[in-house]
There are 2 protein chains.
Amino acid sequence: MTNSSTTTRETKITIVEDNDVVRDGFALLISSVSQHRVVNTYESCEDAIKNLFHDRPEIILMDLELPGMHGVEGIRKIKKMLPDVNILVISVHTNSELVFQALCAGASGYITKNAGHSKILDAITEVKKGGAPMSSQIARMVVQSFQKNTNSPLTSRETEVLELLAKGKSYSAIANDLFVHKETIKSHIKNIYGKLQVNSKADAIEKAIKQRLI
Amino acid sequence: MTNSSTTTRETKITIVEDNDVVRDGFALLISSVSQHRVVNTYESCEDAIKNLFHDRPEIILMDLELPGMHGVEGIRKIKKMLPDVNILVISVHTNSELVFQALCAGASGYITKNAGHSKILDAITEVKKGGAPMSSQIARMVVQSFQKNTNSPLTSRETEVLELLAKGKSYSAIANDLFVHKETIKSHIKNIYGKLQVNSKADAIEKAIKQRLI
DNA sequence: AGCTAAATCCCCCTTTTTGGGGGATATAAT
DNA sequence: ATTATATCCCCCAAAAAGGGGGATTTAGCT
């Protein structure tokens with residue numbers, strides 16, 4: 001078939017999902033929209049990667065728990081090969097570690113599997129127009145990851161100092177940045193270590209990040 | 001009026017927006033939904049904060065460009081006073097710096113002002129059920145902030161080393177973590193500095209973060 | 001087979017940084 | 001009046017960082 005240049009082109013989609021029923025269900029659902037075309041479906045990342053340059057999908061629906069290569073690793077590999085592909089994770093997991101790993105690996109969205117059919121179609125539309133569809137719970141986790149602990153034991157100045165320390169700066173560099181004497185910074189850091197009950201930079205940074213103080 | 005305990009309670013909402021027309025428009029729009037109640041509207045953060053404990057809103061719609069206190073600072077102050085309030089930013093700005101500042105300050109969502117009325121009502125519903133509604137562009141920015149540069153000049157080992165260095169660890173601590181000799185780490189770091197054209201830890205970390213290598 | 005990139009380890013050296021100890025002072029908030 | 005916060009000062013020893021010069025091994029590619 002030949003389309004004129006003004007005709008809206010179909011969006012090529014592949015699916016990576018090991019459960020046959022779920023996979024076929026997704027394929028059927030997506031194919032019901034005329035603008036979408038499911039060019040292939042796979043049971044594993046390995047298979048999807050084999051045909052990646054042949055399929056050249058614009059969107060990939062992907063499960064994370066897969067036989068063989070884990071989905072997160074699959075995302076990493078696929079994005080390396082086709083940097084512009086939009087990978088939409090469809091997973092049962094709302095475990096924060098996994099969610100962030102998937103996003104860091106290059107996912108463009110994350111939908112929980114309990115989402116209805118319409119949510120999945122909405123997500124495809126959303127990702128096509130440059131968005132990053134996420135289920136409520138996921139979006140909230142992502143946004144919260146930006147937010148600091150409101151009950152920090154540290155003063156604002158101490159927090160400021162710790163932030164600069166976490167950027168790898170030396171006491172003297174921090175002093176320069178804050179227009180105070182190096183000894184002042186030393187003093188702040190002593191207090192920070194006391195409050196966090198640590199006695200080294202690395203421990204302080206680790207604890208501060210874990211407690212979202214910085 | 002008295003509601004029985006089983007009746008769905010109204011959601012109390014306040015609005016902080018300096019433009020009279022926009023503010024009244026929002027108020028009218030939101031009041032059209034029976035489950036929502038606009039308890040007050042304000043032209044500035046200062047005014048909103050004055051009545052915060054009296055209003056006790058569950059959701060605040062907030063503009064960022066405001067006379068007096070800036071919206072970001074307002075978010076910070078309000079969240080300190082009422083940590084459980086959900087602040088929904090409604091702003092024309094899609095400037096990444098401002099978006100992240102607002103989210104870091106404690107916003108639960110970020111909708112661009114060109115969004116239609118239904119999008120705003122949807123966002124309120126979404127935030128009520130624990131989500132973090134964001135306009136497409138914003139969500140994409142947020143998700144991209146998790147993703148690293150795919151064309152890093154560093155090898156994976158070097159990246160690994162730099163990540164640990166950025167956590168404030170010493171050469172020997174890194175060597176311990178990676179089960180190699182301290183001199184190996186030194187060697188990697190020399191190479192990293194060469195590739196990034198820097199000659200100190202702080203510069204390397206700064207450059208690596210700016211280029212999203214870590 | 002030859003080349004290259006990557007990762008590993010070794011020595012030299014000096015300067016800087018860190019962490020722990022002991023303080024003091026001024027200001028602002030409660 | 002007391003406390004918290006921020007500022008600055010000294011001493012000291014150990015650790016770390018940075019720069020210079022190497023070497024070896026492995027894996028991948030041509």
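I began with the surface near DNA strand C, whose residues split into 4 nonpolar, 11 polar and 4 charged. The model is a predicted one, and I read every entry below with that in mind.

I then looked up which residues come nearest to strand C. Of the 19 residues around DNA strand C, the nearest are N199(A), T155(B), R157(B), V180(B) and S187(B). Two or more residues of that surface come from each of α9 (171-178) and α10 (182-196) of chain A, and from each of α8 (156-166) and α10 (182-196) of chain B. I noted that α10(B) supplies the largest share, 4 residues.

Next I turned to the two protein chains. I found 32 residues of chain B in contact with 32 residues of chain A. On the chain B side, α4 (71-81), α5 (96-105), α7 (136-144) and α11 (201-210) are the elements that give two or more residues. The largest share of that side belongs to α7(B), with 6 residues. I sorted the residues of the side of chain B that touches chain A by class and got 14 nonpolar, 9 polar and 9 charged.

Last, I checked how the copies are related. A turn of 180° with a shift of 0.0 Å along the axis lays chain B on chain A, with an RMSD of 0.1 Å. I recorded this as the relation of a two-fold axis. Both copies use the same surface, since 100% of the contact residues of chain B recur in chain A. Which residue of chain B comes closest to the rotation axis? I found G168(B), with its C-alpha at 3.2 Å.

Terms used:
Residues numbered from 1 in each chain as written. Chains lettered and ligands numbered in written order. Predicted model: local features only at pLDDT ≥ 70, side-chain atom pairs only at ≥ 80, totals over all residues. Contact = placed C-beta atoms within 7 Å. Nonpolar A, V, L, I, M, F, W, Y, C, P; charged D, E, K, R; others polar. Least-squares fit on C-alpha atoms with pLDDT ≥ 70 in both. Near = placed C-beta within 6 Å.
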